[in-house]
Amino acid sequence: MSADPVDGQIQAATEHAHRIVTGFYRGPRVLGPRGWVDHMSDVFTTAYHQFPQECGHLRNPQPVFGTLREMGFLRCQPCFDAYTEAETWSTCDRCGANRGDVSSSAVTRGPLVLMLHLCASCTAASLAEQE
């Protein structure tokens with residue numbers, strides 16, 4: 001355990017992000033993602049570090065939310081909730097197909113909750129990469 005209070009806040013935000021995802025998604029859990037999911041998580045965080053964009057409410061360590069549709073853009077939970085209500089998620093993030101079978105999933109990286117929108121076949125392919 002670190003004596004630095006900021007480290008404690010980051011750890012608390014990380015644990016809260018995990019609880020958020022666990023509460024929303026009852027499907028198969030992935031710990032330590034591999035393949036496309038891991039690659040896209042890296043692409044998202046790299047995009048944020050190269051050109052940081054955020055909602056403006058991110059001041060203290062807290063869970064932050066992003067999507068592959070807006071690579072590198074971080075939002076607090078209330079702003080993310082408002083954003084997701086306004087968007088329609090019918091396009092698969094992996095294959096680009098615009099179909100009715102797209103569902104949401106998420107991966108956490110520390111306090112980052114990265115939302116993924118995948119069609120049924122890409123969900124199956126992503127889960128197969130995790131085995």
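# Reading the core, a central strand and a pocket

Guide: In this predicted model, the largest nonpolar core has 19 residues, and those with the most contacts inside it are Trp36, Leu68, Leu74, Cys92, Leu114, Leu116 and Leu118.

Visitor: Which elements give two or more residues to this core?

Guide: They are H2 and strand S5, residues 112-118. H2 gives the most, with 5 residues. Apart from this core lies another, of 9 residues, among them Phe80, Tyr83, Ala106 and Met115.

Visitor: How should these elements be placed within the chain as a whole?

Guide: The chain has 4 helices and 5 strands, and from the N terminus on their order is α-α-β-β-β-α-β-β-α. Of the 131 residues in the chain, 33% are buried. Among contacts between residues at least 6 apart in sequence, 57% join residues at least 24 apart.

Visitor: How does one read the two faces of a strand, and which residues of S5 lie on each side?

Guide: The general idea is that side chains in a regular strand alternate between the two faces of the sheet. In S5, Leu112, Leu114, Leu116 and Leu118 are on one side, while Val113, Met115 and His117 are on the other; all of them are buried, and both faces are thus covered. Because 7 of the 7 residues of S5 are buried, the strand is largely enclosed by the rest of the structure.

Visitor: Which strands are joined to S5 by bridges, and do they run parallel or antiparallel?

Guide: Strand S2, residues 64-67, is joined to S5 by 4 bridges, and these two run parallel; here Gly66 stands opposite Leu114. Strand S4, residues 103-109, is joined to S5 by 7 bridges, and this pair runs antiparallel; Arg109 stands opposite Leu112. The hairpin of S4 and S5 has 2 residues between the strands, and in it Gly110 takes a positive phi near 60 degrees.

Visitor: Returning to the core, what does Trp36 touch?

Guide: Not counting residues up to four places away in sequence, Trp36 touches Leu68, Asp93, Arg94, Leu116, Leu118, Ser126 and Glu129. Two of these partners, Ser126 and Arg94, merit separate reading.

Visitor: Is Ser126 buried or exposed?

Guide: Ser126 has a relative accessible area of 4%, so this residue is buried. Ser126 lies in helix H4, residues 120-130. Its contacts, leaving aside neighbours within four places in sequence, are with Trp36, Val37, Arg94 and Leu118.

Visitor: Where does Arg94 lie, and with which residues is it in contact?

Guide: Arg94 lies in the loop between helix H3, residues 77-86, and S4. Its relative accessibility is 27%, and Arg94 therefore counts as partly exposed. Neighbours within four places aside, Arg94 is in contact with Trp36, Leu118, Cys122, Ala125, Ser126 and Glu129. Along the chain Arg94 and Trp36 are 58 residues apart, yet their C-alpha atoms are separated by 8.3 Å.

Visitor: How is empty space to be read, and what volume has the second largest pocket?

Guide: Rolling a probe the size of a water molecule over the atoms shows where empty space is left. The second largest pocket has a volume of about 300 Å³.

Visitor: Which residues line this pocket nearest its centre?

Guide: Of the 16 residues that line the second largest pocket, Tyr48, Leu58, Val64, Leu74 and Pro111 lie nearest its centre. The lining divides into 9 nonpolar, 4 polar and 3 charged residues. Helix H2, residues 35-50, supplies the largest share of this lining, 4 residues.

Definitions and conventions. Residues are numbered from 1 along each chain as its sequence is written. This is a predicted model: local features need pLDDT of at least 70, side-chain atom pairs count only at pLDDT 80 or more; totals for chains, interfaces and linings use all residues. Side-chain values use heavy atoms; hydrogens and water are left out. On a 1 Å grid over the protein atoms alone, a cavity is a set of points where a 1.4 Å probe fits but cannot get out, and a pocket is an open set with protein on both sides within 12 Å along at least five of seven lines; lining residues have an atom within 4 Å of a point. Grid points are joined across faces, edges and corners, and a volume is the space filled by probe spheres set on the points. Ala, Val, Leu, Ile, Met, Phe, Trp, Tyr, Cys and Pro count as nonpolar, Asp, Glu, Lys and Arg as charged, and the others, Gly among them, as polar. A nonpolar core is a set of buried Ala, Val, Leu, Ile, Met, Phe, Trp, Tyr and Cys residues joined through side-chain atoms within 4.5 Å. Buried means under 20% relative accessible area, exposed over 50%, partly exposed in between (1.4 Å probe, protein chains only). Contact means heavy atoms within 4.5 Å. Two strands pair if DSSP finds at least two bridges between them.
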